[in-house]
Structure formats: structure tokens, C-alpha cells
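Subject: A structure for you to look through

Dear colleague,

I am passing on a structure that I would like you to open beside this message. Please read the notes below with the model in view, and take your time over each part.

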Amino acid sequence: LAKPWSALLHHLAAVGEAKAKERAPKLTGAVAAGISSKVDAKPVPLWARVTGGGASRGGFRYGYSLNIGHRRPRGQGIASIGRKRTKAVEPTIIFHYRGKKKKTKGWFTGTLTSLRKLAKVEMPKVVAEIRAAWGR
């Protein structure tokens, strides 16, 4: 049980890391360089993960913000119009990468989608290996 399952999780983690690095926005390479993968160290691992590094500047997380195409209010201050005080809502910010004409929204979460497809293909092979080993 442990060997085929562990091999599958290690394979998915390695493919996920490679795909995320391939799809990462590239300007300085800091986002791609910060991507790593890890598999649970137990004999029968329970999880594998791919993490996007912490490329940031002044608290702005590049990888995360480019992935979600984040829109948020810039700030909400109070503006006075005559005697009436109202909330001023400033325009939203849309984060995107200007280096290439390539969409960056979903660059990291899109990797997860492709890994799910790969796992669906590989899982029956692992189940067959486990059944064959138990049937001996």
C-alpha cells in the first residue's frame, strides 16, 4: 500500500511544482524561485503540497495577487459634500502582470486543476497495483 501511494504523491508534487514554475509570472524570477513542493514524511503519506513562495515587497504579495487578479477598494475615506458627509469609494485595483501579453489570473490555481486531471488518470493504476499486491 505504502509504495504505490507514496510514489503517486511524490509524482504529483513534482509535476505540480514544475507546472507552477512554468506558469508563474516571470519578471525577476522571484515568484517562480519561491515555488516548492513537499510530501508528508510518514511511511504512508497523507498529503502533498505545492506552495508559492513569498515573493513580496512592502507587504504586497506578488504571486497571490496576480493569481486572483485581485480587485479591492483602494481606500474608503470620508468626503464632505456641502454639509453632508458621505463615504468616498475610490476605484478598484486590478492586478496583472505587464511583462508579457499573457493572463496571470489563475496561474497557480490553474495548476491545481491540471493536477486533479492527472490524479484521475493515475489513481486507477495505483489502485490496481495495491489490489495486485494484496491478492498475492
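Let me begin with helix α1, keeping in mind that this is a predicted model. At 1.5 Å a residue, the 22 residues of α1 should span 32 Å, and because the C-alpha atoms at its two ends are 31 Å apart, the expected span and the model agree. The buried residues of this helix are Pro4, Ser6, Leu8, Leu9, Leu12, Ala13, Val15, Gly16, Glu17 and Ala20. If you look for what covers these buried residues of α1, you will find that the cover includes β1 (36-39), β2 and α4.

Two residues of α1 deserve a closer look, and Leu8 is a good one to start with. Leu8 has its place in helix α1, and it counts as buried because its relative accessibility is 5%, where the cut-off for buried is under 20%. Leaving aside residues up to four places away in sequence, Leu8 touches Glu122, Met123 and Val126. Leu8 and Glu122 are 114 residues apart in sequence, and yet their C-alpha atoms are 7.6 Å apart in space.

The other residue is Glu17, which also lies in helix α1. Its relative accessibility is 19%, so Glu17 counts as buried, given that the cut-off is under 20%. When residues up to four places away in sequence are not counted, Glu17 touches Ile35, Ser36, Ser37 and Val50.

Glu17 also brings us to the salt bridges. How many salt bridges does a search of the whole structure find? The search finds 2. In one of them, the side chains of Glu17 and Lys21 meet, with 3.2 Å from N to O. Because Glu17 and Lys21 are 4 residues apart in helix α1 (residues 2-23), about one helical turn separates them. Whereas Glu17 is buried, Lys21 counts as partly exposed, because its relative accessibility is 31%.

In another salt bridge, the side chains of Lys125 and Glu122 meet, with 3.6 Å from N to O. These two residues are 3 apart in helix α4 (residues 109-135), so Lys125 and Glu122 are likewise separated by about one helical turn. Lys125 has a relative accessibility of 46% and therefore counts as partly exposed. You will recognise Glu122 from above, since it is one of the residues that Leu8 touches.

The last feature to find is the second largest pocket, which holds about 260 Å³ of space. It is lined by 14 residues, and those nearest its centre are Ala48, Arg49, Val50, Leu112 and Leu115. Which elements each supply at least two residues of this lining? They are α1, β2 (48-51) and α4, and of these α4 gives the most, with 6 residues. By kind, the lining of the second largest pocket divides into 10 nonpolar, 2 polar and 2 charged residues.

Among the residues nearest the centre of that pocket is Leu112, whose place is in helix α4. At 44% relative accessibility, Leu112 counts as partly exposed. Leu112 and Ala20 are 92 residues apart in sequence, while the distance between them in space is 8.8 Å, C-alpha to C-alpha. Ala20 is one of the buried residues of α1, which brings us back to the helix with which these notes began.

With best wishes

Notes. Residues numbered from 1 in each chain as written. Predicted model: local features only at pLDDT ≥ 70, side-chain atom pairs only at ≥ 80, totals over all residues. Heavy atoms only, no water. Salt bridge = Lys/Arg side-chain N within 4 Å of Asp/Glu carboxyl O. Buried < 20%, exposed > 50% of the residue type's maximum accessible area, 1.4 Å probe, protein only. 1 Å grid on protein atoms, 1.4 Å probe; cavity = no way out; pocket = protein on both sides within 12 Å on 5 of 7 lines; lining within 4 Å. Points joined across faces, edges and corners; volume = space filled by probe spheres on them. Nonpolar A, V, L, I, M, F, W, Y, C, P; charged D, E, K, R; others polar. Contact = heavy atoms within 4.5 Å. Expected span 1.5 Å × (residues − 1).
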